[in-house]
Amino acid sequence: MQDARTMPRPVQGRGGRQETEAARAFVHVLADSSDKLSSVCSILERNFAVAGERLDAQAKLSQVPFAVVIRADLRDVNNIAAIKKRAAKLAKAQKRIFLVEYSSHVSVSQAYALGATLVLPGTVDRIKLLAALTDPAAPAAASSSTRPQPDNAVETAATAIASMFTAVTLGEPLDVDGTKEAGRKIADRIGEHGLSEWLTTVRRHHEGTYQHCLLVTGVAIDFGLSLGVRRTDLERLYSAAMFHDIGKAQIPLAILDKPGRLDANERAMIETHPAAGYAFLKDREKISPEILDAVRHHHEYLDGSGYPDGLCGESINDIVRILTISDIFAALIEHRHYKPTMPRREAYNILCGMTGKLEKALVIAFKQVALTR
């Protein structure tokens, strides 16, 4: 669907210079349904020259717009792919505003990973949208609570994870350096503010698989710091933690986010993720053997009862052993809408009960991380 209404209309209102200039601007609207497209166009057409198209239609953007407004469900891989196909042209727009109905930070992070300059989550707000398009200062001000800032480790890391998962689902290049840099920011944040602050912030703003990856990375970093590992080993550890669940990008959300116990088939599907992540990363540049080992083997146990390779004892290296403890602890204490958050002491007690599966000396050393840091 291509909207033919591309001539600017006079603005009804105060008649100031800013409004007159806005009326001359061309705004391109993209949406994943005709209803969404029509509703956004109807908001904008009195103030801007507007053209619109559905994401499932052939791209028709022929001129560089002043702004792009995108309203789509970013949990849908097809929508993400359609936006990525238009990325080169969209990047030339001065403003790229995403209207995200599902206002979880997963969707917000995905929007920024797709190049948003501003995300407006929740129900479409006509006043906020027009203000963001009309006022040059509005995007920075309006996005202060949602837009990732350079020193915001949580949003930087969440955006890196969103980009990583998108790369897997769409078979696109992986930003290895960006992901490692996000891990470094987490390390700096925890070094300055501690683990408890990180856990609280992540659980407040994130959910599902992204929350888990952020929690695991934070726990693993603090565990490494408590053990006094060398800086190079800490870098390997947080890189491994950032990448460890990348294979879950190929598992349906219905299984990943299912409340309650998984059935046998669903459990078997979940258990494919370490090998899938390894397969995706093994030929990538800048992914070290240590990171690959951790991605593939973070569910292995010392007694050989883990997966996918049933490794045991000395076959499991130190970074993997640290990551496995961090992974289990993070999974136990993460917040899900369908279950209460487990207290950290209770989670630690579960680790202590996994005799023979986890290295006893490391579990003992983990106590201060689990309970006091």
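Among contacts between residues at least 6 apart in sequence, 68% join residues at least 24 apart in this protein. The model is a predicted one, and its secondary structure comes to 20 helices and five strands. Of the 373 residues, 52% are buried. The protein exposes about 16900 Å², and 51% of that area is supplied by carbon and sulfur atoms.

Two helix pairs give a good view of the packing. Helix α8 spans residues 153–170, and its axis comes within 9 Å of the axis of helix α9, residues 176–193. The two axes cross at roughly 155 degrees. Because angles over 145 degrees count as roughly antiparallel, α8 is described as roughly antiparallel to α9. The crossing of α8 past α9 is left-handed. On the α8 side, the contact is made by Ala-153, Val-154, Thr-156, Ala-157, Ala-160 and Met-164. Facing them from α9 are Gly-178, Thr-179, Ala-182, Lys-185, Ile-186 and Arg-189. By class, the residues of this contact divide into seven nonpolar, three polar and two charged.

Helix α8 also holds Thr-159. With a relative accessibility of 15%, Thr-159 falls under the 20% limit and therefore counts as buried. Tyr-112 sits 47 residues away from Thr-159 along the chain, yet the C-alpha atoms of the two residues are separated by 6.5 Å.

The second pair lies further along the chain and consists of helix α17, residues 318–333, and helix α18, residues 344–352. Their axes come within 9 Å and cross at roughly 140 degrees, an angle that makes α17 oblique to α18. Here the crossing is right-handed. From α17, the contact draws on Ile-325, Ile-328, Phe-329, Leu-332 and Ile-333. Helix α18 contributes Arg-344, Ala-347, Tyr-348, Ile-350 and Leu-351. The class count for the contact of α17 with α18 is nine nonpolar residues, no polar residues and one charged residue.

Helix α17 is also home to Thr-324. This threonine is buried, since its relative accessible area of 3% is under the 20% cut-off. Leaving aside residues up to four places away in sequence, Thr-324 touches His-297, His-298, Glu-300, Tyr-301 and Leu-358. One of these partners, His-297, belongs to helix α16, which covers residues 289–297.

The loops on either side of α16 hold two backbone features that deserve a look. Most residues other than glycine have a negative phi, and most peptide bonds are trans. In the loop between α15 (273–281) and α16, Lys-286 has a phi near 70 degrees, a positive value in a residue other than glycine. The loop between α16 and α17 contains Pro-308. A cis peptide bond joins Tyr-307 to Pro-308, with omega at about 10 degrees.

Taken together, the two helix pairs make a handy comparison. The α8 and α9 axes run roughly antiparallel in a left-handed crossing, whereas α17 is oblique to α18 and passes it in a right-handed crossing. A buried threonine is found in α8, namely Thr-159, and another in α17, namely Thr-324.

Methods: Residues numbered from 1 in each chain as written. Predicted model: local features only at pLDDT ≥ 70, side-chain atom pairs only at ≥ 80, totals over all residues. Heavy atoms only, no water. Axes fitted to C-alpha atoms, helices over the stretch in contact; angles between N-to-C directions. Helix = DSSP H or I, 4+ residues; strand = E, 2+ residues; numbered from the N terminus. Parallel < 35°, antiparallel > 145°, perpendicular 65-115°, else oblique. Left-handed = near helix turned anticlockwise from the far one by under 90°. Contact = heavy atoms within 4.5 Å. Nonpolar A, V, L, I, M, F, W, Y, C, P; charged D, E, K, R; others polar. Buried < 20%, exposed > 50% of the residue type's maximum accessible area, 1.4 Å probe, protein only. Areas by Shrake-Rupley, 256 points an atom, 1.4 Å probe, with all protein chains shown as cover.
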